[in-house]
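Me: Please take a close look at a single part of this structure, and then follow it outward into whatever surrounds it. I would like one connected account, with the reasoning for each assignment made plain.

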Amino acid sequence: MTQVGTADNPLRVAIVGAGPAGFYAAEALFKRKELVVEVDMFDKLPTPFGLVRAGVAPDHLKIKSVTKVFEKVADRPNFRFFGNVELGRDIAVADLRHYYHQIVYTTGAQTDRYLNIPGGDLPGSHAATEFVAWYNGHPEYRDFEFDLSQEHVVVVGIGNVAVDVCRILCRTQEELMGTDIAEHAMEALRHSKVKTVTMLGRRGPAQAAFTAPEAKELGEMADCDLIIYPEEAELDPLSQQALAEADRGTLRTVELIQEYARREPAGKSCQLIIRFLVSPTELFAGEDGRVSRMQVVKNELYATEYGTMRPRATDQHEEIPAGLVFRSIGYTGVPLSDVPFNEKWGVILNEDGRVIDPDTGSHRVGEYTAGWIKRGATGVIGTNKPDSVETVDKMMADLAKGVLLQPEKPSVAAAEAFIAECQSCYVTFADWRKLDELELARGAECGRPRLKFARVEEMLAVLGK
Ligand code: NAP
């Protein structure tokens, strides 16, 4: 047999997960001029692009234009998309070993970090990840319900996801018209009674996890006053000291926060309140058994021996109304069947992208990972590019040493026949393009940028599958 990676014997790679990390890994493989590679990309959903479709906020359409880069990758003759094919449900890792020399897991971080406080699981207290997936039309969350008849919403955490959630709750229907928010969410928000949304930051303004452009957007909503209490916008001496060495982004965020704290409310219909140095301690139910109030504790900051600023509870408590709660304290990964996983960190066990066998401590031959499921839920979409390149570098180093899986049937036709046997309704990239065109056309009919299909059956039906 000729060398793997040549015209006679292409390197066959399976990428599991069609989000940014998966596409950047495919792009990095295709960029290797010396290499002949065939990439088959799998996703449990019929639609590609992962969090770009199901996570990025519907009013951030510009960020979503990164899909143009991914479409270019998908246009390569040696690229195939197998949507609606789930690892663990339709196919197994052991199956992939028959058809591919290398496997890359890029399944992202699909769930939320747990907030362990009494009452945390009361009805009406949700993971922000569920709300985000719901308003973005993720089919698995299509039938979730959120009680928007409540006047007071509390969002725990002040990262960019929390900011997204708050904007969607506070935007007017006119503002939402210009977004690709799912129609069922748009309809539910049309009847929303939400009047105040309170975001809870456990540390101070100088440690806010949201970024300056996102903070700026919060102050520019059409019918929502942004409120920050002046005493909470003030920096404690430790933060003031830390700010002397802070980057421009942090300085701008603090500047914006302090500017907002000086603003007089304009009497708009909705109020977004950003609190600092408070942590939730308990959720209480009302008579109907649903969450109605939250107890919070005031924190103070202290510096650890590594110089980071941590929150410490004081003895000052208060209660705030909370008819609906979203926990937005970070995403975490979900284990894949037969793939080593580190529960504590919520990532696939790996070293710079090479999957590690926990029993031997050595590399599981032919298995790799990239993106949030490799390093945790940090950074923006573009951060995944160098991350995927690092993984592909390791894959190339192993290829050069001949450290690969030895598939019995390394051919496109054999893989396709096998996949069709396991999931007859698999979706190709050409199918996705049809769905894409239909969604854009449906949107144009009602003056929206896109009207998403939010049920798998609906997508398969319009594709005639
Ligand atoms: P994140 O940036 O890690 O923010 C998590 C927030 O939760 C922080 O404010 C954190 O506070 C807080 N938190 C954590 N544990 C807590 C606890 N036990 N009690 C109270 N608060 C707690 O996570 P994320 O917002 O989910 O975002 C994930 C990644 O996606 C980030 O890198 C983000 O920048 C990115 N993203 C970017 C955009 C964009 O570019 N527009 C949009 C969405 C997401 P501490 O800081 O004190 O830990």
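Reply: In this predicted model, Phe49 has a relative accessibility of 4% and therefore counts as buried, the limit for that class being under 20%. The residue is found in the loop between S2 and H2, and its backbone deserves attention too, since phi of Phe49 is near 90°, a positive value in a residue other than glycine.

The side chain can be placed among the aromatic pairs, of which the count comes to 22. The ring centres of Phe49 and Trp432 lie 5.8 Å apart with the planes at 90°, so this pair is edge-to-face, a class that asks for planes over 60 degrees apart. The pair joins distant parts of the chain, because Phe49 sits between strand S2 (37-43) and helix H2 (50-54) while Trp432 belongs to helix H17 (residues 429-445), 383 residues away. Trp432, like Phe49, is buried. Both residues are members of one aromatic cluster, which also takes in Phe23, Tyr24, Phe70, Phe79, Phe81 and Phe429.

Several members of that cluster lead to a pair of helices. Helix H1 (residues 20-30) and helix H4 (residues 67-74) pack with their axes 10 Å apart and at an angle of about 50°, and the two are therefore oblique to each other. H1 passes H4 in a left-handed crossing. On the H1 side the contact is made by Pro20, Phe23, Tyr24, Ala26, Glu27 and Phe30, and on the H4 side by Val69, Phe70, Val73 and Ala74; these residues divide into nine nonpolar, no polar and one charged. Phe23, Tyr24 and Phe70 thus take part in this helix contact and belong to the aromatic cluster as well.

A second residue with positive phi can be set beside Phe49. Asn84, with phi near 65°, is likewise a residue other than glycine; Asn84 lies in the loop between strand S3 (79-83) and helix H5 (93-99) and is buried, its relative accessible area being 6%.

Another part of the surroundings is reached through His138, which lies in the loop between H6 and strand S7 (152-156) and counts as buried because its relative accessibility is 12%. Beyond its neighbours within four places in sequence, His138 is in contact with Leu45, Ala54 and Ala133. Ala133 is one of the buried residues of H6, the others being Ala128, Thr129, Phe131, Val132, Trp134 and Tyr135. With seven of its eight residues buried, H6 is largely enclosed by the rest of the structure. After H6 comes Gly137, whose phi is positive, near 80°.

H6 also has a helix partner. The axes of helix H6 (residues 128-135) and helix H7 (residues 160-170) come within 10 Å and cross at roughly 50°, so H6 and H7 are oblique to each other; their crossing is left-handed. H6 contributes Ala128, Phe131, Val132 and Tyr135 to the contact, and H7 contributes Val161, Asp164, Val165, Ile168 and Leu169. Of these residues eight are nonpolar, none is polar and one is charged. For reading such lists, an α-helix has 3.6 residues a turn, so residues three or four places apart point the same way.

Technical notes. Residues are numbered from 1 along each chain as its sequence is written. This is a predicted model: local features need pLDDT of at least 70, side-chain atom pairs count only at pLDDT 80 or more; totals for chains, interfaces and linings use all residues. Side-chain values use heavy atoms; hydrogens and water are left out. Axes are lines fitted to C-alpha atoms, for helices over the stretch in contact, and angles run from 0 to 180 degrees between N-to-C directions. Helices (H or I, at least four residues) and strands (E, at least two) are DSSP runs, numbered from the N terminus. Angles under 35 degrees count as roughly parallel, over 145 as roughly antiparallel, 65 to 115 as roughly perpendicular and the rest as oblique. A crossing is left-handed if the near helix is turned anticlockwise from the far one by less than a right angle, and right-handed if clockwise. Contact means heavy atoms within 4.5 Å. Ala, Val, Leu, Ile, Met, Phe, Trp, Tyr, Cys and Pro count as nonpolar, Asp, Glu, Lys and Arg as charged, and the others, Gly among them, as polar. Rings of Phe, Tyr and Trp (its six-membered ring) pair if their centres lie within 6.5 Å; planes under 30 degrees apart count as stacked, over 60 as edge-to-face and the rest as tilted. Buried means under 20% relative accessible area, exposed over 50%, partly exposed in between (1.4 Å probe, protein chains only).
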